[in-house]
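Subject: Structure handover

Hello,

Please find the structure below, followed by notes on what was found in it.

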Amino acid sequence: MWKTILRRIIIMIPQIIILSLLVFILAKFMPGDPFTGSITPQTDASQLHALKVQAGLYDPWYTQYAHWVVNMFHGNFGTSYQFKESVMTVIGGRAINTLWLSLFTVILTYLIAIPLGLLAGRYEDTNLDRGIMFFNYVTYAIPLFVFLVLGLWLFGYVLGWFPSGGSVSLSASGAFGNILSRLYHMILPGVLTALLSTTSTVQYLRSEIVDQKHQDMVATARAKGVPERKVFSRHILRNSLLPIAAFMGYSITGLLGGSVFVEQIFTYPGMGQLFLNSISNRDFSVITALVMIYGILALFGTLLSDIIMSIVDPRIRIK
Amino acid sequence: MSKKWSVGAVAVLAALTLAACGNSKSASSTSSSKPTLPLTYSSKKSAIKGGTLKVAEVNTAAFKGIWDNALTTNAEDADMMQFGNEGLFATDKNFKIVKGGAANLTLNQKSKTATIKINPKVKWSDGKPLVAQDVAYAYKVLANKGTASQYYTGSIANIKGIAAYHAGKAKDISGVQIKNKRTVVIHFKVMKPGMKTSGNGYFWENAEPYHYIKNVSFKKLASSDQIRKHPLFYGPYKLSKEVSGESVKWVPNTYYYKGTPKLKEIDVQVVSPDSIAAALKAHKYDVTYGLGSSTYAKVKNVSGYTMTGKKALAYDYLGFNLGKYDAKTGKNVMNKNAKMANPSLRKAIAYAMNIDAVEKKFSYGLGSRMTTLIPSAFSKYQDKSAKGFPLNLKKANALLNKAGYKKGKDGYRTDPNGKKLTIHLAEMQGNSNTQAIVKNYIQQWKKIGLRVTLTNGRFLDMNNFYEKVQANSSDVDMFEAAWSLSSEPSPMDLYSENAPFNMGRFVSKENTKLLNDIDSQKAFNTSYRVNAFKKWQDYMNKEAAYVPEIEVVQSYAVNNRVKNWSLSNASKDFNWAKVQVTSNSLSK
């Protein structure tokens, strides 16, 4: 297997090169530049021109590309035009915020979704199953931003149980106080998002279990007199987890994606908001760095999913 | 409060500042029944000692945290640092520089100098006094290529020797002379009447803590800890804690020269426009910055708050594509054969617009039709007798008939040569109101027989819009855009022959003459300048070079426990040190 993983990683190199070319050229195709948004009547057009020359924006694209790639190998993604800081510093600050929140949300999602899916599948067609399915339809139907605004209004403002925005309180002090404050700030956005992200997991798990229940090998196990509990945990559950495992890799690498809705409504500065604002402000260095990071993460996500699959199902061997 | 530069950039139709250009604060649409929001608020109850003021910065974009006037270019940072960031000079309500600030300014027309005398009581938040070196060093920060500051402009290059320093040919700026420990003399090539007003751009109105940042290279200054993490201010409060992109805590600067500030703490938090109404209903904040007009409608009656407001230094306008900018000569060139070159056509378009009705419907009483290209925030210079272009379809039709735009069988007019006339209107993306408003105008123009279609058939992204408009693309005949202004009203940078931002490229000998008159030596006499302004406004309306559309009142919610709050332009009367609260919890 290690050989296969190594081979997959080597194949990624040309993929990443093509990705970087596409990202860079497409970014340059966008109309406007990082300075368009900061024009005021007092701005001097000739000074703007000089600044653009200084920033190398008028160089031919291959010169800019070469420059960018060489710097990237030195771990330097350039300087953000809007933040006037190194891109890694800007992204780093946001990535930590997003990672915390996403991790919290993903764990919560699985904690809610897996038991629900298991129960619904095991007690198929009972009232419990119908209740869970109803919950599923409701969460599937509600748009995320409506749910978030509603939740924020109810729990943040009317009841006042949770902070209404931000990632950490201004008055938090000390390492421990900071962590507690961060956790406290994550509860509301995390729980709300997790509730709405359970749908597919519950649904997949339920239908897989229903499927497996009628397999011959389950009937055989039952006929041999294997206790129902064991039939369920040994024969049904493991097979049913396959589709979920298939998504696991993406979930892990997707932790850095961030959600524009959550970040906007809870004024939680994360990767999603950064990406959106960078695009509208034409902050090329941040855009290209982010897309590269996302692209590489997606490639590793696929690999990771394959590896997880092979662990869960020994019949699958990645080649 | 801070108004030394034109924050904001280009907003359009005011309402649209959503995510696309988070840096403009003139957001709001607009009406003819102007509400008279008070400029100040002060609770009648007696103040408590200390207390925490909670400020909401309503925005979709996180602030950047570049705590330096010469380096930051976004409105969020300016809002977030106003509690410590005080300009050098005090102003009156007309933005005129007066005595009584951190420094006093004396202009000398004969010797072509400005003398800046620092008040000896002024100290940085680390206790070190503000000295001449600090004022002088700010010019180096601004002009050195290493900092890549956008505030190095043609206006500032009017200082002797600064261009040589900018080009790296001189070690010092010869025109910025340190006379003694607390006096700096600036030498200009030409004196301009605008120099009497704050926000003029001919000299810099801030200082840099030389003793603190002298060892940081210009290139690294913007990302240095001295600017980002532990900045120094000589204003009433100093920065004590920052949570990147979301909140900032300010505590009193005990060295403040006008007396120790009254509050114990000021907490500023970025709040999403989606949730600010709920936040105010839950009484979470004392003061809001950047409240849009649609939010204003939702919160104006919330108990415990008083709405205050002031006229924004910003406006929306309709421009016509009349020529090109020649980058080689640095001049606008008007094309006499351009589709929109006929003033009668432009006037007819203006008279067909039902701006008053639109404002009544969409602005919640905050906006109003502009009558000239000078917003009424410049009450002294705006021509109050001007009527602008009130809705008059009869007049519009008559103008077109007279100019030879004949109506065809399909109800649309042809150009005077009998050819089909289609006018392409470039529009920037906005909110749902923007779409309705633009559709309405297109219908209005149809009423007078003009076929107007959107450039590209849709609303354009901000960057795309400005790229097309600035290049005078042939698929743009007219465009709706907006300006945020600095507090010096000279229209030179926006409408002159040499102004790249005169994006319609309107040029005429008369215009050049009138504009030059506004900035002439004679105009040092204020009444002469007021008169010159009036003549220029009349001329621009006569030519309908641009159609002035809308100006707005920017609203601010203030909780009733706040004392001594003011939006006045007169910084001589207000500073954050005076603000107090009357109880520990917000008024409900």
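The mean pLDDT of chain A (pLDDT being the predictor's confidence in each residue, from 0 to 100) is 85, and 98% of the residues of chain A reach 70 or more. This is a predicted model, in which local features need pLDDT of at least 70 and side-chain atom pairs count only at pLDDT 80 or more, while totals for chains, interfaces and linings use all residues. Residues are numbered from 1 along each chain as its sequence is written, and chains are lettered from A and ligands numbered from 1 in the order in which they are written.

Among the elements of chain A, mean pLDDT is highest, at 91, in helix 5 (residues 127-141) and lowest, at 76, in helix 11 (residues 242-253). Helices (H or I, at least four residues) and strands (E, at least two) are DSSP runs, numbered from the N terminus.

The contact between the chains takes 42 residues from chain A and 58 residues from chain B; two residues are in contact if their C-beta atoms, placed from the backbone, lie within 7 Å. On the side of chain B that touches chain A, helix 13 of chain B gives the largest share, five residues. The residues of that side of chain B are 26 nonpolar (Ala, Val, Leu, Ile, Met, Phe, Trp, Tyr, Cys and Pro), 21 polar (the others, Gly among them) and 11 charged (Asp, Glu, Lys and Arg).

Within chain A, helix 8 of chain A meets helix 10 of chain A through residues including Leu205(A) and Ile236(A). The residues of this contact of helix 8 with helix 10 of chain A are three nonpolar, three polar and two charged.

Regards
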